[in-house]
Amino acid sequence: MGVVTYEFEVTSPVAPTRLFKAFVLEGAKVYPKPAPHAIKSVELEGDGKPGSIVKINFVEGLPFQYMKHMIGGHDESNLSYSYSLIEGGPLGDKLEKISYENQFVADASGGSVCKSSIKFYTIGDYVITEDKIKALIQRSEVVYKAIEAYLLANTDACN
C-alpha cells in the first residue's frame, strides 16, 4: 500500500461560514438540492460525530451507485473538517480509501478559499497518476460549484 498526498485550493464568492454550514453541518439536506440530476439522497448512519457514516446515493445512469464517507471530525471555530471515502465511488479495486482535510478561509473580497489536502491510499503496487487525481478532483469540483451556485441563488440558505 502506498499513500499519495495532493493539495489544492478552490476559490468562491460565498462566505466561508456559509460553505462550512452547507458542506458540513447541513450537508445531508443541502447536497440533493443543487444536484438532483446526480444525487438521489443522503443518509446519515450515526449521530454525525466522528466515526459516523454518510452515504450519498446517486441517480441511475451515473458511473457510481453510491459513496460512503466516514466522518473524521469538524471544528466550527476553524471552519475545518475531515472525512474519508471508505466505500463505493471511485475506489474500485485500486484504492483502499481517500482521506480529505478541508478548511474554508475568508479572502479579501468577502468570499472564501477552500484549502484541501487529499490522501490516496492505494492497494498493492498501484500508482495513482497526477492525471487521475486531477480527474477525480474535477468531479468533486462539479458538486462544489453546484452547491456554491445554490447558495448564491438562495441567499437565505445556510446562514
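**Figure 1. Overall dimensions of the protein chain in the predicted model.** The radius of gyration of the protein chain is 15 Å, which agrees with the value near 15 Å expected for a compact globule of 159 residues. This radius is taken over C-alpha atoms, and the globule rule is 2.2 Å times the number of residues to the power 0.38. Along the principal axes, the C-alpha atoms fill a box of roughly 45 × 35 × 30 Å. The model is predicted, so that local features need pLDDT of at least 70 and side-chain atom pairs count only at pLDDT 80 or more, whereas totals for chains, interfaces and linings use all residues. Residues are numbered from 1 along each chain as its sequence is written, and side-chain values use heavy atoms, with hydrogens and water left out.

**Figure 2. Secondary structure and surface of the protein chain.** The protein chain holds three helices and seven strands, in the order β-α-α-β-β-β-β-β-β-α from the N terminus. Helices (H or I, at least four residues) and strands (E, at least two) are DSSP runs, numbered from the N terminus. Of the 159 residues, 43% count as buried, a term that means under 20% relative accessible area (exposed is over 50%, partly exposed in between; 1.4 Å probe, protein chains only). The chain exposes about 8700 Å², of which carbon and sulfur atoms supply 51%; accessible areas come from the Shrake-Rupley method with a 1.4 Å probe, and for residues only the protein chains shown count as cover.

**Figure 3. The aromatic cluster.** Rings of Phe, Tyr and Trp (its six-membered ring) pair if their centres lie within 6.5 Å; planes under 30 degrees apart count as stacked, over 60 as edge-to-face and the rest as tilted. By this rule the count comes to seven aromatic pairs. The pair of Phe20 and Tyr81 is edge-to-face, because the ring centres are 6.5 Å apart and the planes stand at 70°. Since Phe20 belongs to helix 1 (residues 16–25) and Tyr81 to strand 5 (residues 80–88), this pair ties together parts that are 61 residues apart in sequence. Phe20 and Tyr81 are both buried. Tyr83 and Tyr100 form a stacked pair, because their ring centres are 4.6 Å apart and their planes are at 15°. Here Tyr83 of strand 5 is linked to Tyr100 of strand 6 (residues 95–106), 17 residues apart. Tyr83 counts as buried at 18% relative accessibility, and Tyr100 counts as buried at 13%. Ring pairs link Phe20, Phe23, Tyr31, Tyr81, Tyr83, Tyr100, Phe104 and Tyr144 into a cluster.

**Figure 4. Two non-glycine residues with positive phi, Leu79 and Cys158.** Leu79 has phi near 50° and is placed in the loop between strand 4 (66–75) and strand 5. With 14% relative accessibility, Leu79 counts as buried. Cys158 has phi near 60° and lies in the segment after helix 3 (130–153). With 6% relative accessibility, Cys158 counts as buried.

**Figure 5. Surroundings of Gly111.** Gly111 is located in the loop between strand 6 and strand 7 (112–122) and counts as buried, at 0% relative accessibility. Neighbours within four places in sequence aside, Gly111 is in contact with Ser12, Pro13, Val14, Ala15, Pro16, Val105 and Ala106, where contact means heavy atoms within 4.5 Å. A separation of 9.8 Å lies between the C-alpha atoms of Gly111 and Thr17, which are 94 residues apart along the chain.
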